[in-house]
Each structure stands twice: as C-alpha cells, then as structure tokens.
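Colleague: I've got a few minutes before my next spin finishes. Could you walk me through this model?

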Amino acid sequence: MTAALLYPFILVAGALQAIGNAMNAQLRGRMVNPWLAATVSFLPIVFVFTTLFLTMPTPLPSLDSLGKMPWYAPLGGLAGAVAVFGGLAFIDKVGAGPFNGLTLTANILTSLAMDALGLFGLQAAGFKPMPWLGGLLMAVGVTFIARSGGKSDGGGSGVGGKLLYPFILVAGALMAIGVVWNAQLRGALENPWLAATVSFVPVVFVFALMFLLRPSPLPARDDVAGVRWWMPLAGLTGAVAVFAGLLFVDKVGAGAFNGLLITANLLTSVALDHFGWFGMKRVKAGPPRLIGAALMVGGIVLISLF
C-alpha cells in the first residue's frame with residue numbers, strides 16, 4: 001500500500017486526539033484528582049483492546065520475535081501518556097498556548113531527529129534540509145496559534161509556570177518516541193490488538209497506583225453527577241492515534257506521521273476553540289491562528305514530500 005493512502009486515516013487520528021484532549025480537560029474538572037482522571041480515561045482503552053484481542057487472537061508472536069523485541073518497546077504507551085498527564089495536571093498552570101506549543105514543537109523536532117539518525121530501529125534517512133525547514137514552519141505556526149489563545153493562555157508568564165517548561169518539552173519528545181516504540185512492539189507481537197493491550201496496561205497500572213498512593217482530593221457527589229457519558233471516552237479517542245502509530249509509523253516515517261497527526265490535532269483544536277465544542281472556552285480563529293494553521297500545513301507538505 002502506498003504510504004500516501006494512509007494519510008487520511010492519520011489525519012482523522014490527529015483530529016480525534018485533539019477532541020480527546022478537550023474531553024480529558026472536562027473529565028479532569030469533574031474527577032478533581034488528576035490520577036483518578038487519568039485512570040478513568042485509560043481504563044476503557046485496555047478493556048476495548050483486550051476484548052478485540054480475545055475476539056481476534058491470531059496471529060500470535062513467536063518465541064523468536066519475542067526474543068528480538070527491544071526491552072523498551074512495551075513502554076511506548078507509558079511514554080506517550082506523560083504528555084496526556086501533563087495536559088491533565090499542568091495546562092491550567094502554564095496556559096493552553098504555551099503547553100501545546102512546547103509539547104508539539106518538541107514532538108516535531110524529536111520525530112525529525114529520529115528519522116534523520118535512525119534511532120530506535122528506524123531506517124536512517126540522513127539530514128534533509130526541506131523536512132527540517134518544514135519542521136521550522138510548523139514550530140512557527142504552533143507559536144502563532146499558541147500566542148493567540150486569549151487571556152487564558154497567559155498562565156505561563158509567571159516564574160512558577162516557566163519552571164514546568166522543561167517537563168513539557170520532555171513530554172513532547174516522549175510522545176514522539178512512544179510512537180516509534182509502539183511500532184516496534186507491534187512488529188514483535190505481530191497481533192496489533194495484543195500490542196495495543198500490552199502498550200496500555202502499564203499506563204493504567206502506573207496511574208492507578210499513583211491514585212492509591214495519593215487518593216485525595218476526591219470528587220464530590222455533585223462533581224460525579226456532572227460527568228457526561230462521553231467524558232470517560234476521552235482516552236479511547238486519543239488511543240486511535242496510538243493504534244495508528246502501531247500500524248503506520250514504520251510505513252510513512254516518524255516525521256511524516258507525527259507531522260500529519262499534529263497538524264490535524266492543531267487544526268481541530270482551532271475549530272474546538274472557535275466553536276466552543278466539548279465545553280472549551282470560545283476563542284475566535286482570527287488572523288494569527290489562521291496564519292499559524294497555514295504555516296503548519298506548509299510545514300507538513302515539506303516533511304511529507306521530502
């Protein structure tokens with residue numbers, strides 16, 4: 001199958017990832033405790049992928065493929081979950097604009113570096129100026145979008161907020177690395193449903209353990225009553241992107257995959273803000289945001305074609 005034929009699915013996955021972020025923000029508000037919110041968000045993912053694996057248990061991995069699996073491959077879901085938890089816990093402290101701008105910029109640059117150097121089993125493509133120019137355009141586009149977020153994005157202007165920036169950059173880099181690790185997990189386990197289950201089980205274990213260690217604060221009855229049916233499904237919408245990475249990142253390359261995913265994510269985020277969907281504060285898509293979106297589209301064209 002031609003790699004370009006996979007692009008529409010990756011774009012849909014990126015859009016669902018953005019919707020999942022908005023849903024997670026609402027879930028975090030109702031659950032109060034971020035560890036509880038993260039656990040509730042990821043539990044349905046494990047249930048769905050486990051059910052799909054039990055329904056379609058073949059093919060199964062061989063002992064040879066398991067023996068060749070890198071030790072870090074099962075941790076791909078956990079690596080990507082760092083960014084999800086960062087959004088749950090810190091986006092209100094640094095502002096939506098700085099958080100998304102730093103995370104996605106780190107994701108783009110890490111993806112291009114992995115493609116260029118052949119890290120984590122990827123085929124080394126060497127340094128190509130046009131994809132890096134595309135990455136620069138996307139980073140500039142993200143900056144335009146982030147800086148036009150209104151007053152609510154100014155939370156990171158204080159010293160306390162800026163101290164979180166290194167963590168957010170690491171979260172963005174881990175998001176990109178997790179995609180590649182998941183692809184290697186898929187290659188070793190052969191069955192994509194089994195690979196997705198193995199990827200997400202450590203995530204639920206870690207968040208559930210953290211919630212047991214830090215069970216307060218807990219949501220009040222009014223908070224729980226305000227949970228809408230779609231809020232706990234936030235993790236499932238984001239899991240589409242993880243599953244796409246399991247299947248497609250080795251076919252289209254880490255740079256193109258993450259670039260498409262991020263572009264769809266940001267464009268959907270602009271629409272979510274503009275229309276105020278899923279409880280998001282309405283932020284009109286004015287010229288700065290539209291310029292940023294155009295720069296991102298131009299950047300992904302350079303990454304995908306070169």
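**Going through the model**

Colleague: Before we start, which helices each supply at least two residues of the lining of the second largest pocket?
Modeller: Keep in mind that this is a predicted model. The second largest pocket holds about 430 Å³ of space, and 23 residues line it, those closest to its centre being D115, A125, K128, V252 and G253. The helices that each supply at least two lining residues are α5 (96–117), α6 (129–147), α11 (234–252), α12 (254–275) and α13 (287–305).

Colleague: And which helix gives the most to the lining of the second largest pocket?
Modeller: Several helices supply at least two residues each, α5 and α13 among them. The one that gives the most contributes four residues, and that is α11.

Colleague: What about chemistry: how many residues of that lining are nonpolar, polar and charged?
Modeller: The lining of the second largest pocket has 23 residues to sort. They divide into four charged, five polar and 14 nonpolar.

Colleague: Is A125 buried, partly exposed or exposed?
Modeller: A125 is one of the residues closest to the centre of the second largest pocket, and its place is in the loop between α5 and α6. Leaving out residues up to four places away in sequence, it touches D115 and A116. Its relative accessibility is 40%, so A125 counts as partly exposed.

Colleague: How far apart in space are A125 and G29, C-alpha to C-alpha?
Modeller: In sequence, A125 and G29 are 96 residues apart. In space, their C-alpha atoms are separated by 43 Å.

Colleague: N107 caught my eye. Is N107 buried or exposed?
Modeller: N107 sits in helix α5. Beyond its neighbours up to four places away in sequence, it touches G172, A173, M175, A176, N258 and I262. Its relative accessible area is 1%, and because anything under 20% falls in that class, N107 is buried.

Colleague: How many residues of α12 are buried?
Modeller: α12 has 22 residues and spans 31 Å from its first C-alpha to its last, close to the 32 Å expected at 1.5 Å a residue. Just after α12 comes G276, with a positive phi of about 70°. The helix is mostly covered, and its buried residues number 18 of 22.

Colleague: Which residues is A195 in contact with, leaving aside its neighbours within four places in sequence?
Modeller: A195 is part of helix α9 (residues 192–213), and at 0% relative accessibility it counts as buried. Its C-alpha is 7.6 Å from that of N182, a residue 13 places away in sequence. With those sequence neighbours left aside, the contacts of A195 are L185, R186, L189 and L246.

Colleague: Which residue forms a salt bridge with K68?
Modeller: The structure holds one salt bridge. K68 counts as exposed because its relative accessibility is 63%, while its partner counts as partly exposed at 49%. The closest N and O atoms in the pair are 3.4 Å apart, and the partner is D64.

Colleague: On to the backbone. Where is P59 found?
Modeller: Most peptide bonds are trans. The bond joining T58 and P59 is cis, with omega about 0°. As for its location, P59 is in the loop between α2 (34–55) and α3 (63–67).

Colleague: From which residue does the cis peptide bond to P217 run?
Modeller: P217 is in the loop between α9 and α10 (221–225). The bond leading to P217 is cis, with omega near 0°, and it comes from S216.

Colleague: What is the phi of V32?
Modeller: Most residues other than glycine have a negative phi. V32 lies in the loop between α1 (7–31) and α2, and it is partly exposed, with a relative accessible area of 23%. Its phi is positive, near 70°.

Colleague: Last one: in which loop does E190 lie?
Modeller: E190 is a residue other than glycine with a positive phi, near 70°. At 27% relative accessibility, E190 counts as partly exposed. Its loop is the one between α8 (165–189) and α9.

How values were computed. Residues are numbered from 1 along each chain as its sequence is written. This is a predicted model: local features need pLDDT of at least 70, side-chain atom pairs count only at pLDDT 80 or more; totals for chains, interfaces and linings use all residues. Side-chain values use heavy atoms; hydrogens and water are left out. On a 1 Å grid over the protein atoms alone, a cavity is a set of points where a 1.4 Å probe fits but cannot get out, and a pocket is an open set with protein on both sides within 12 Å along at least five of seven lines; lining residues have an atom within 4 Å of a point. Grid points are joined across faces, edges and corners, and a volume is the space filled by probe spheres set on the points. Ala, Val, Leu, Ile, Met, Phe, Trp, Tyr, Cys and Pro count as nonpolar, Asp, Glu, Lys and Arg as charged, and the others, Gly among them, as polar. Buried means under 20% relative accessible area, exposed over 50%, partly exposed in between (1.4 Å probe, protein chains only). Contact means heavy atoms within 4.5 Å. A salt bridge is a side-chain nitrogen of Lys or Arg within 4 Å of a carboxyl oxygen of Asp or Glu. The expected span of a helix is 1.5 Å times one less than its number of residues.
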